[in-house]
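Colleague: I would like a close look at one part of this predicted model, with its surroundings described in order. A plain account will do.

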Amino acid sequence: MLGKIFWVRYAGDGSRKELNYLQKKYAYGITVKADGKDHFEIKSVAYPRRTLHLKKNDSNKYQVRTTINDKECALQRVFIRITGGTPISPKVEYIELQGTEFTTGKTVVERVKV
């Protein structure tokens, strides 16, 4: 199953544009797998080594969790820096993850070279 992913046109007017089939399937999409009640594993098709976990939190709301710089965090933002390539095979310079650490409430950022 592929999740809903979109482009944000920062270089233009900031509008959102949905990905086409090939972009979802081979470059920018995600796979989602149910892993028990109210728990889903999410992986990027471009960088499947990092698993995200969608779970209900203490307030009974869904939240994406992952490890960022060896700290358990609530994921707030994912940014993918692309510096060329083709629509099917982009040249990804890095993926930046930003989240809030559960124990301290501090913002944690990690850049992953791809």
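Are Glu110 and Arg50 buried or exposed?

Modeller: Glu110 and Arg50 are both buried. What follows is read from a predicted model. The two residues form a salt bridge, with 3.3 Å between the closest N and O atoms. This contact links distant parts of the chain: Glu110 belongs to strand β9 (residues 107-113), whereas Arg50 sits in the loop between β4 and β5, and the two are 60 residues apart. Arg77, Glu96 and Arg111 are joined into one network by salt bridges that share partners. In total the structure holds five salt bridges.

I take the Glu110 end of the contact first. In a regular strand, side chains alternate between the two faces of the sheet. In β9, the covered face consists of Val108, Glu110 and Val112. The uncovered face of β9 has Thr107, Val109, Arg111 and Lys113. Glu110 of the buried salt bridge is therefore on the covered face, while Arg111 is on the uncovered one. β9 runs antiparallel to β8, and seven bridges join the two strands. One of the paired positions is Thr100, whose bridge partner in β9 is Thr107. β8 and β9 form a hairpin with five residues between them, and in its turn Gly105 has a positive phi of about 80°.

Next comes the Arg50 end. The hairpin that joins β4 to β5 does so through six residues, and Arg50 is in the loop between these strands. Strand β4 (residues 39-44) and strand β5 (residues 51-56) run antiparallel and are joined by five bridges. Glu41 has His53 of β5 as its bridge partner. Glu41 also forms a salt bridge with Lys33, where the closest N and O atoms are 3.9 Å apart. Lys33 counts as partly exposed because its relative accessibility is 47%, and exposed would need over 50%. Another salt bridge joins Asp38 to Lys37, at 3.7 Å between the closest N and O atoms. The accessibility of this pair is uneven: Asp38 is partly exposed at 25%, whereas Lys37 is exposed at 76%.

On from β5, strand β6 (residues 62-68) pairs with β5 in the antiparallel sense over four bridges. Lys56 stands opposite Tyr62 in β6. The hairpin of β5 and β6 has five residues between the strands, and there Asn60 takes a positive phi near 65°.

Tyr62 leads to the aromatic contacts. A search of the whole structure finds two aromatic pairs. In one of them, Phe40 and Tyr62 are tilted, with 6.5 Å from centre to centre and 55° between the planes. The 55° angle is not over 60°, so the pair does not count as edge-to-face. Phe40 is in strand β4 and Tyr62 in strand β6, so that this pair too links distant parts of the chain, 22 residues apart. Phe40 has a relative accessibility of 27% and so counts as partly exposed. Tyr62, at 42%, is also partly exposed. In the other pair, Phe79 and Tyr94 are again tilted, at 6.4 Å centre to centre and 45° between the planes. Phe79 lies in strand β7 (residues 71-85) and Tyr94 in strand β8 (residues 90-101), 15 residues apart. Here the partners fall on opposite sides of the 20% cut-off: Phe79 is at 23% and therefore partly exposed, and Tyr94 is at 9% and therefore buried.

Phe79 also belongs to the account of the open space. Rolling a probe the size of a water molecule over the atoms shows where empty space is left. The largest pocket has a volume of about 1200 Å³. It is lined by 34 residues, and those closest to its centre are Ile5, Phe6, Val78, Phe79 and Ile80. Two or more lining residues come from each of β1 (6-8), β3 (30-34), β4, β7 and β8. The most come from β7, which gives eight. By type, the lining has 23 nonpolar, four polar and seven charged residues.

To return to the starting point, the salt bridge between Glu110 and Arg50 has two buried partners, and it connects β9 with the loop between β4 and β5.

Technical notes. Residues numbered from 1 in each chain as written. Predicted model: local features only at pLDDT ≥ 70, side-chain atom pairs only at ≥ 80, totals over all residues. Heavy atoms only, no water. Pairing = 2+ DSSP bridges. Phe/Tyr/Trp six-rings, centres within 6.5 Å; stacked < 30°, edge-to-face > 60°. Buried < 20%, exposed > 50% of the residue type's maximum accessible area, 1.4 Å probe, protein only. 1 Å grid on protein atoms, 1.4 Å probe; cavity = no way out; pocket = protein on both sides within 12 Å on 5 of 7 lines; lining within 4 Å. Points joined across faces, edges and corners; volume = space filled by probe spheres on them. Nonpolar A, V, L, I, M, F, W, Y, C, P; charged D, E, K, R; others polar. Salt bridge = Lys/Arg side-chain N within 4 Å of Asp/Glu carboxyl O.
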